Amino acid sequence: MRAIVLATVVAFGAVLLAGSAWTAEAQTADTAKVTLKVEGMTCAGCAVAVKMAAKKVDGVKATDVDVAKGTADVTYDPSKTSPAAIAKVITERSGFKTSVPKSSDAKTQG
Ligand SMILES: [Cu+2]
């Protein structure tokens, strides 16, 4: 019993460590994160629209929109969808032109 608890704690620690080392392109078995470029957002309402659009994609787990930078950090299941597919749906549903940055290590630009 004690061994199981210990194993669980160790596993949890490993997940936390992996999480802190994530970059825009890092991914585990069923979770990947990508920073998409979203053009034309001007206010919080735009951010909500983008967020809602991303949510419609099967496999998208979380979306963090930054209006000032014009980006959307999307956490998704790579077995269900892809950055290009997510960008397409956001563009179509929200009206904000969304694209996948060429260099996916465009995680932090200032
Ligand atoms: Cu707006």
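**Group meeting talk: a sheet and its helices**

Okay, so of the 110 residues of this chain, 25% count as buried. Buried here means 20 or more other C-beta atoms within 10 Å of a residue's own, exposed means 12 or fewer, and partly exposed is in between, with the C-beta atoms placed from the backbone. One thing to know early: this is a predicted model, so local features need pLDDT of at least 70 and side-chain atom pairs count only at pLDDT 80 or more, while totals for chains, interfaces and linings use all residues. Residues are numbered from 1 along each chain as its sequence is written.

What's in the chain? Three helices and four strands. Those are DSSP runs, numbered from the N terminus: helices are H or I with at least four residues, strands are E with at least two. Reading from the N terminus, you go α-β-α-β-β-α-β.

Let's start with the sheet. The four strands make an open sheet, in the order E2-E3-E1-E4, with antiparallel pairing. Strands pair if DSSP finds at least two bridges between them. At the edges sit strand E2 (60-66) and strand E4 (98-99), each pairing on one side only.

Now walk across the sheet. E2 and E3 run antiparallel, joined by six bridges, and Val65 has Ala72 in E3 as its bridge partner. These two strands form a hairpin with four residues between them, and Gly70 in the turn has a positive phi of about 70°.

Next pair along: strand E1 (residues 32-38) and strand E3 (residues 71-76), antiparallel again, over six bridges. You can look for Lys33 opposite Thr75, and Thr35 opposite Asp73. Then E1 pairs with E4, antiparallel over two bridges. Lys37 is a nice one to click on: its bridge partner in E3 is Thr71, and in E4 it's Ser99.

How many of the seven residues of E1 are buried? Six, so to speak: the strand is mostly covered.

On to the helices. H3 lies across E1, E2, E3 and E4, running at about 40° to E1. For these angles, axes are lines fitted to C-alpha atoms, for helices over the stretch in contact, and the angles run from 0 to 180 degrees between N-to-C directions.

H3 also has a helix partner. Helix H2 (residues 44-55) packs with helix H3 (residues 83-94) at an angle of about 125°, with the axes 8 Å apart. That makes H2 oblique to H3, because angles under 35 degrees count as roughly parallel, over 145 as roughly antiparallel, 65 to 115 as roughly perpendicular, and the rest as oblique.

Who touches whom? On the H2 side you have Ala49, Val50, Ala53 and Ala54, and they meet Ile86, Val89, Ile90, Arg93 and Ser94 in H3. A contact means C-beta atoms, placed from the backbone, within 7 Å. By class, that's seven nonpolar, one polar and one charged residues. Nonpolar covers Ala, Val, Leu, Ile, Met, Phe, Trp, Tyr, Cys and Pro, charged covers Asp, Glu, Lys and Arg, and the others, Gly among them, are polar.

Last stop, Ala44, which lies in H2. Is Ala44 buried or exposed? It's exposed, because just 10 other C-beta atoms lie within 10 Å. Ala44 and Val67 are 23 residues apart in sequence, but 7.2 Å apart in space, C-alpha to C-alpha.

Conventions: Contact = placed C-beta atoms within 7 Å.
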